[in-house]
Amino acid sequence: MADKIQFELVSPAKLLVSSKVDMVVVPGGEGDFGALALHAPMITTVRPGVIDIHDGGKVSSSIFVAGGFAEVNEERITVLAEEAIPVGELTAELAEARKQAAREALDDASNEREKAHAQRLVLIAEAMAAAVG
Amino acid sequence: MASLKDLRMKIVSVKSTRKITSAMKMVAASKLRRAQTAAEAARPFAERMERMLGTLAASLAGQSGAPRMLTGTGADKVHLLVAVTADRGLCGGFNSSIVRATKAMAADLLKQGKIVKIMPVGRKAREQLRRDYGQYMIEGFEQLGRKGIVFAEADQVAAQISAMFDGEEFDVCTVVYNKFKSAIAQEVTRQQVIPFPVPELAAKSDTGPKAIYEFEPGEEEILAEILPRNLATQMFRALLESQASEQGARMTAMDNATRNAGDMINALAIKYNRSRQAQITKELIEIISGAEAL
């Protein structure tokens, strides 16, 4: 078994996870990728979705993130997420409520910027619903 | 000379003031602890974002395609000053030191023939800057962080700023806020956020043959996404620091006020006792001299 990789998940409010794990699967901007120890250095965007943490041959925990950035190098993967919720704490109602709110925001959007922002919210809510289901 | 009754009433009033200030001090102390923890918890995110930005900027250095938020508009004409204060007073020099720094900066820039815009964050900034710099004022924010600062609030402020930047309403943006040094000391900080000064880290990573990063999708796309996020992060940090400083300043101010009230009560009590004694002596003399006259 190769060495473990240091996984860090940080949200603006605090450091959420910092532990050594076997592998992390991250929803990258251009497709999901798994990061093991000795991964080539890389910086990528993260789209809304679920991060799976693999440890001891199984998925030890799954965390929903609402997009952000990831930095990978040989010994460490750092994910900067604006919002992160363990999948276990998500509910269908919550996702549905967010979807509703995002759609309303999209309808109310009066300019390009607001529209883009609302569209992003819709995407996040849809990813959240997919994570629940 | 104040009558005994007046003195008694004055002592009662100062005592109740002391009660209020000491309660405010304790409230500020507990809020300070919470604000301090929040400010510390937010540090890792900002640090890592800075590191990532440094790596990105280093790999993009010298190229022409860098986003304007990093390189600036090329002009240096219109300055946006974001003054971060509290919504409430009674916290010593906390608000006025920010206002003073902002005024000094604005006056300096105006003297150089630049255009100044001031965005007040916090009620006190708006109220105190309105008189002298009202014509430069643009819409700001108030009532942030009533239940502790959340990232969404910082995001709101950042969105407003970047919308203005996209609309080419200013060239340089500087945030003026109180940096938390300790419970009794704050430091007025002027931080330029647009164009964003590349962290020193980037300069360092140039010297050593560091790992060469791959970028997905490309440097520019990531930068275009990360810079507005970074603006929000910087605002978040400024708001958190300011919040912690505010509570620290209030705690110190209220501690002083409580102590002053205590001194005042002592002085008034001595005065009261003396007046009472004087009155008793006077009455005794009157009785005695009355008896002697008979």
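**Exercise 1. Two helices that cross**

Helix 2 and helix 8 of chain B cross in a left-handed way; describe how these two helices pack.

*Solution.* Start with the ground rules. The model is predicted, so local features need pLDDT of at least 70 and side-chain atom pairs pLDDT 80 or more, while totals for chains, interfaces and linings use all residues. Residues are numbered from 1 along each chain as its sequence is written, with chains lettered from A and ligands numbered from 1 in the order written.

Step 1: find the helices. Helix 2 of chain B covers residues 43-60, and helix 8 of chain B covers residues 219-293. (Helices, H or I of at least four residues, and strands, E of at least two, are DSSP runs numbered from the N terminus.)

Step 2: read the geometry. The axes of helix 2 and helix 8 of chain B lie 10 Å apart, at an angle of about 145 degrees. (Axes are lines fitted to C-alpha atoms, for helices over the stretch in contact; angles run from 0 to 180 degrees between N-to-C directions.) Left-handed says that the near helix is turned anticlockwise from the far one by less than a right angle; clockwise would be right-handed.

Step 3: list who meets whom. Helix 2 of chain B brings residues including B:F45, B:M49, B:M52 and B:L56, and helix 8 of chain B answers with residues including B:I222, B:L223 and B:I226. (Contact: C-beta atoms, placed from the backbone, within 7 Å.)

Step 4: sort them by class. This contact between helix 2 and helix 8 of chain B has 10 nonpolar, 3 polar and 2 charged residues. (Nonpolar: Ala, Val, Leu, Ile, Met, Phe, Trp, Tyr, Cys, Pro; charged: Asp, Glu, Lys, Arg; polar: the others, Gly among them.)

**Exercise 2. The sheet of chain B**

In what order do the strands of the open sheet of chain B lie, and which helices lie across it?

*Solution.* Step 1: the sheet has 4 strands in the order 2-1-3-4, with mixed pairing. (Strands pair if DSSP finds at least two bridges between them.)

Step 2: look at the edges. Strand 2 (115-121) and strand 4 (185-194) of chain B are the edge strands, each pairing on one side only. From one strand to the next, the twist averages 25 degrees.

Step 3: follow one pair. Strand 3 (residues 172-182) and strand 4 of chain B are antiparallel over 9 bridges, and a hairpin of 2 residues joins them. B:V176 has B:R190 as its bridge partner, and B:S182 stands opposite B:A185.

Step 4: add the helices. Helix 5 (residues 123-133) of chain B lies across strand 1 (78-84) and strand 2 of chain B, at about 155 degrees to strand 2. Helix 8 of chain B lies across strand 1, strand 3 and strand 4 of chain B, at about 40 degrees to strand 3.

**Exercise 3. A residue in helix 1**

Is B:L32 buried or exposed?

*Solution.* Step 1: locate B:L32 in helix 1 (residues 4-41) of chain B.

Step 2: count. B:L32 is buried because 21 other C-beta atoms lie within 10 Å. (Buried: 20 or more other C-beta atoms, placed from the backbone, within 10 Å; exposed: 12 or fewer; partly exposed: in between.)

Step 3: look for partners far along the chain. B:A183 is 151 residues away in sequence, yet the C-alpha atoms of B:L32 and B:A183 are separated by 7.9 Å. Beyond its neighbours within four places, B:L32 also touches B:A244, B:Q247, B:G248 and B:M251.

**Exercise 4. Where chain A touches chain B**

Which strand of chain A gives the most residues to the side that touches chain B?

*Solution.* Step 1: get to know chain A. Chain A has 2 helices and 10 strands, and the strands come before the helices in the sequence. Of its 133 residues, 32% count as buried, and its C-alpha trace spans about 55 × 30 × 25 Å.

Step 2: size up the contact. Chain A contributes 22 residues and chain B 23 residues. Strand 5 (42-46), strand 8 (68-72) and strand 9 (76-81) of chain A each give two or more, and strand 5 gives the most, with 4 residues. The side of chain A that touches chain B has 10 nonpolar, 7 polar and 5 charged residues.

Step 3: look at the pairing. Strand 5 of chain A runs parallel to strand 5 (residues 214-216) of chain B over 3 bridges, and A:T44 stands opposite B:E216.

Step 4: zoom in on A:I43, which sits in strand 5 of chain A. A:I43 counts as buried because it has 22 C-beta neighbours inside 10 Å. Its contacts beyond four places in sequence include A:E71 in chain A, as well as B:M52, B:L56 and B:I222 in chain B. B:M52, B:L56 and B:I222 are also among the residues where helix 2 and helix 8 of chain B meet.

Notes:
Two residues are in contact if their C-beta atoms, placed from the backbone, lie within 7 Å.
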